Amino acid sequence: MKRYELVVIGAGPSGLSAAIEAASHGMQTIVFDENLRPGGQLFKQIHKFFGSKEHMARIRGIDIGSKLVDQAKEVGAEVVLGAPVMGIYPHKDICVHKDNKVFTCKADNIIIATGASENALAFPGWTLPGVMGAGSAQTQMNLHGIKPGSRILMMGSGNVGLVVGMQLKQAGCELVALVDASPRIGGYGVHAAKLSRTGVPFYLGHTIVRAEGKDRVERAVIAEVDSKWQLVPGTEKTFDVDTICIAVGLSPMYQLAMSAGCELNDDPKKGGTYPIVDEYGATSVDGIFAAGDVTGIEEASSAMIGGRIVGAAAAYRAGYITKEEHEKIHKQYTDSLMQLRQGMFAGKNKGNPNIIQTDEGIELSQFLLKKGYIGNDEIMRFPGYETGFEGFRPVVECTQNIPCNPCQDVCPNKCIIVGDNITGLPAVQKGAKCTGCGLCVSACPGQAIFLINEKFEQGKAAVSLPYEFLPLPQKGDKGYALDRSGNKICEAEVVDVKTSKAYDRTNVLTMKVPFEFKNQARFFVGEKEGL
Amino acid sequence: MRVQEHPIISEFKKGPLVTFEFDGKSMQGYEGEPVAMALKANGVIIHRYTTRNHEPRGMFCSIGRCTDCVMIVDGVPNVRTCMTALKEGMKVQTQYDKSALEKGENQ
């Protein structure tokens, strides 16, 4: 029987990171994954990641995935694909299914990095073809280039629902509505605002009643829910859709940990059942570790650091690094992880209705939480809104404490300051010299930064905005400006469209609008596009 | 339907175009892509009918978890089509219960 110093199960962000860390210290490492491609869900994440430089912020998940795969190769970690692990047995015997055969190998150390699976939501008609997980839609369009549907209703306003909603529009699908039973949007306000300004309606405090159709989804019926989650009679609304996406959370895939005899726990905040691990990722079984979403649902950036922590622990257990080396590495990664676990969406604060103001003591935008966009008179109270600039100025519509600071990093003139704490609200610096370079507009993973040039021409202001859709409008195109809620507010003309390598596929579109609309105009639609 | 152009993804890496068979009809897809994706690109979203209630099922999770997308592939039933790579000449059939034909139909 083949023996390995380290077997990692799962080649996603945490598993690959764990393998890279362990193999970089010289540990003989093999990774098994049931998928045909490595990277787990990373290759579906085509958006820019949050965090700071050390967390690979403003790099798209898809590119982070490629980096990890290359790094694993460089350090000599072997990755075996199409190889589901069927079970972990006493003495760390691992049973693997590959090419229609089953074989067993032995491991001195095991890292379980099996990730999570999507939760389902049962309602009448939920089994009809056309009802699918949001992650399923993501797999279809972002990995395989298949449109999940034409007209789509998204159920769930957490970050998955919001991000996949945006990606559906990028793939050329129509997002008809975004629905959530909760009265508040679950995910980042900036993700919601991206959709709102394109005109996607949010139905909060609504749930799906049924899917209708003969052999496939033809309609979705939603209705309001009261404070006790009961349907309110007479509030039904019907949408003609061919696809319903479900984004109602994820659950750890703990089954292998269970089969290995690891002690489990249940916690809704972690997403359900998960193996209990210590700060090094060690489970209750000696030599078996777990990392990433299987130990509790977070996101890919945390999973990558978590993987590093556990890879180092395995290398230490096997004697490849000294205690001192291990402690140093461990502290470095733990500090980095703690940065990501701050702010109003961190595990401990998530969905807490008692959070009504930011860390800075500013009242949160209620419009953003309840409707998906910031109210016109709300934006002025945030530090991202500052006046008194000659020519260009940035407006940073980032109003919730989330761990992210690329805007501060990319500005060559220090116009935007987040501060040492990466969950701080970006503050536009009065008196700073904004040149209108657009780097902040393209770098912001939340696409929440706009440039305003009040003196564009007599009676007109120019508004620059991030634009990631096709077809890309061209200079000279005439159309309309939409406000944050997606309503047409005035005529607009595209005066510039900047695309550069530094922008990494986030184009910076500049439109001119009547001066009085400079603080409302946040999106552009061409004349031909009927809204 | 396939995504023709995408603002972020410059290309979807595909194998060569191959021909396969779905319920006796000839179809084309890209070698190596999941069978379920090739079917969807050809407009097929019903993969099987359930045993007792004869209800249609299609792709639900796309990552091999839910088993809703199982079909008969090259004569083998219960194959997860979202996890099975398409090959030239593959024979894919809608699955009724465990077999390719509806109950009561002549074999």
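Visitor: What makes the 82 residues a nonpolar core?

Guide: In this predicted model, the set of 82 residues is the largest nonpolar core. It is called a core because its members are buried nonpolar residues joined through side-chain atoms within 4.5 Å. Those with the most contacts inside it are A:Ile111, A:Met154, A:Leu168, A:Leu195, A:Cys245, A:Met511 and A:Val513.

Visitor: Which helix gives this core its largest share?

Guide: Helix α7 of chain A, residues 300-317, with nine residues. In soluble globular proteins, nonpolar side chains tend to be buried together.

Visitor: What does A:Leu195 touch?

Guide: Leaving out residues up to four places away in sequence, A:Leu195 touches A:Leu162, A:Gly165, A:Met166, A:Lys169, A:Leu175, A:Leu178, A:Val200 and A:Phe202.

Visitor: Which residues are among the 31 of another core?

Guide: A:Phe50, A:Leu364, A:Ala432 and A:Tyr503 are among them, and this core of 31 residues lies apart from the 82-residue one.

Visitor: Why is A:Asn100 called exposed?

Guide: The relative accessible area of A:Asn100 is 73%, and exposed means over 50%; therefore A:Asn100 counts as exposed. A:Asn100 is found in the loop between β5 (93-98) and β6 (101-112) of chain A. From A:Ile374 it is 274 residues apart in sequence and 54 Å apart in space, C-alpha to C-alpha.

Visitor: Why is the pair A:Glu34 and B:Arg80 called a salt bridge?

Guide: Their side chains meet at 4.0 Å, N to O. The cut-off for a Lys or Arg side-chain nitrogen and an Asp or Glu carboxyl oxygen is within 4 Å, so the pair qualifies. Between chain B and chain A the count is two salt bridges. The count of residue pairs in polar contact, both at pLDDT 80 or more, is 12.

Visitor: Which elements of chain B give two or more residues to the side that touches chain A?

Guide: They are α1 (35-41) and β4 (56-57) of chain B. With three residues, α1(B) gives the most. The residues on this side of chain B divide into 19 nonpolar, three polar and nine charged.

Visitor: How many residues does each chain bring to the contact?

Guide: The contact takes 31 residues from chain B and 39 residues from chain A. The two chains bury about 3100 Å² between them, 62% of it on carbon and sulfur atoms.

Visitor: Which residues of chain B lose the most area to chain A?

Guide: B:Pro7, B:Ile8 and B:Phe60 do, together accounting for 22% of what that side buries.

Conventions
Residues numbered from 1 in each chain as written. Chains lettered and ligands numbered in written order. Predicted model: local features only at pLDDT ≥ 70, side-chain atom pairs only at ≥ 80, totals over all residues. Heavy atoms only, no water. Contact = heavy atoms within 4.5 Å. Buried area = accessible area lost by both parts, 1.4 Å probe. Polar contact = N/O pair within 3.5 Å; in protein donor to acceptor, adjacent residues only side chain to side chain. Helix = DSSP H or I, 4+ residues; strand = E, 2+ residues; numbered from the N terminus. Nonpolar A, V, L, I, M, F, W, Y, C, P; charged D, E, K, R; others polar. Buried < 20%, exposed > 50% of the residue type's maximum accessible area, 1.4 Å probe, protein only.
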